[in-house]
Amino acid sequence: MITERLTFRARYGQGDTLSTLLKESVNVMPTEGIVGARSYTDFTGTFFTCAFEFDYADLNGWAAASQRDIADYGTPDFQEWFAKMVACTETGERQLFNSEKVI
């Protein structure tokens, strides 16, 4: 399984807004090929950190979903959502992990 982790740091005091927008993303972006998703917010560590994880069956599933995402970037719904996200986000990064269940 491939897990894509998107980690964002919100502008000071905007963590709740960013967390809400990330959860809304599943209504704006295509979800075909995603076999699981999780949302995280900081409990300790860097303040105003939000992370979102998406699971895919394999790397081909992630690649196909990424292509659908790219095609979706020009849509009015995505542009409206993304403008809100940019307004409250300071930084972000993407990581891909091979994921295997051990317990």
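Helices are DSSP runs of H or I with at least four residues, strands are DSSP runs of E with at least two, and both are numbered from the N terminus. The model shown in these views is predicted.

**View 1. The four-stranded open sheet, with strand order β2-β3-β1-β4.** Pairing within this sheet is antiparallel. The edge positions are taken by β2 (34-41) and β4 (89-98); each has a single partner strand, so one side of each lacks a neighbour in the sheet. From one strand to the next the twist averages 15 degrees. Strand β1, residues 2-10, pairs with β4 over nine bridges in the antiparallel sense. Within this pairing, Thr-7 of the model is found opposite Glu-93 in β4. Helix α3 (residues 76-88) packs on the sheet and touches β1 and β4. The direction of α3 makes about 110 degrees with that of β4.

**View 2. Strand β3 and its two partners, β1 and β2.** In a regular strand, side chains alternate between the two faces of the sheet. Thr-49, Ala-51, Glu-53 and Asp-55 point one way from β3, while Cys-50, Phe-52, Phe-54 and Tyr-56 point the other way. Residues on both sides of β3 are buried. Strand β3 (residues 49-56) has eight of its eight residues buried, so the rest of the structure largely encloses it. With β1, the pairing is antiparallel and runs over eight bridges; here Thr-3 stands opposite Asp-55 in β3. With β2, the antiparallel pairing of β3 runs over seven bridges, and Tyr-40 stands opposite Ala-51 in β3.

**View 3. Surroundings of Ser-25 in helix α1.** Helix α1 spans residues 15-28 and includes Ser-25. The relative accessibility of Ser-25 is 7%, so this residue counts as buried; the cut-off for buried is under 20%. When residues up to four places away in sequence are not counted, Ser-25 touches Phe-52 and Trp-81. Phe-52 is one of the buried residues of β3, and Trp-81 lies in helix α3.

**View 4. Aromatic rings around Phe-78 and Trp-81.** Seven aromatic pairs are found in a search of the whole structure. One of them joins Tyr-73 and Phe-78 in a tilted arrangement, at 4.9 Å centre to centre and with 35 degrees between the planes. Phe-78 also pairs with Trp-81: the ring centres are 5.6 Å apart and the planes stand at 50 degrees, so this pair is tilted. Phe-78 and Trp-81 both belong to helix α3, where they are three residues apart, about one turn of the helix. Both residues of this helical pair, Phe-78 and Trp-81, are buried; for Phe-78 the relative accessibility is 7%. Tyr-73 is partly exposed at 33% relative accessibility. Ring pairs link Tyr-73, Phe-78, Trp-81 and Phe-82 into a cluster.

**View 5. Contacts of Thr-89 in strand β4.** Thr-89 has 13% relative accessibility and therefore counts as buried. Leaving aside neighbours within four places in sequence, Thr-89 is in contact with Phe-8, Arg-9, Ala-10, Arg-11 and Leu-18.

**View 6. The salt bridge between Glu-4 and Arg-94.** The total for the model is six salt bridges. In this one, the side chains of Glu-4 and Arg-94 meet at 2.6 Å, N to O. The pair links distant parts of the chain, with Glu-4 in strand β1 and Arg-94 in strand β4, 90 residues apart. Glu-4 is buried, at 5% relative accessibility.

**View 7. Salt bridges of Glu-53 with Arg-5 and Arg-38.** In the salt bridge of Arg-5 with Glu-53, the closest N and O atoms are 2.7 Å apart. Arg-5 is in strand β1 and Glu-53 in strand β3, so this pair ties together parts that are 48 residues apart in sequence. Arg-5 is partly exposed, with a relative accessible area of 29%, whereas Glu-53 is buried at 5% relative accessibility. The side chain of Glu-53 also meets that of Arg-38 in a salt bridge, at 3.0 Å, N to O. Arg-38 lies in strand β2, so its pair with Glu-53 of β3 ties together parts that are 15 residues apart in sequence. At 30% relative accessibility, Arg-38 is partly exposed. A network of salt bridges links Arg-5, Arg-38, Glu-53 and Asp-55.

Note on methods. Residues are numbered from 1 along each chain as its sequence is written. This is a predicted model: local features need pLDDT of at least 70, side-chain atom pairs count only at pLDDT 80 or more; totals for chains, interfaces and linings use all residues. Side-chain values use heavy atoms; hydrogens and water are left out. Two strands pair if DSSP finds at least two bridges between them. Axes are lines fitted to C-alpha atoms, for helices over the stretch in contact, and angles run from 0 to 180 degrees between N-to-C directions. Contact means heavy atoms within 4.5 Å. Buried means under 20% relative accessible area, exposed over 50%, partly exposed in between (1.4 Å probe, protein chains only). Rings of Phe, Tyr and Trp (its six-membered ring) pair if their centres lie within 6.5 Å; planes under 30 degrees apart count as stacked, over 60 as edge-to-face and the rest as tilted. A salt bridge is a side-chain nitrogen of Lys or Arg within 4 Å of a carboxyl oxygen of Asp or Glu.
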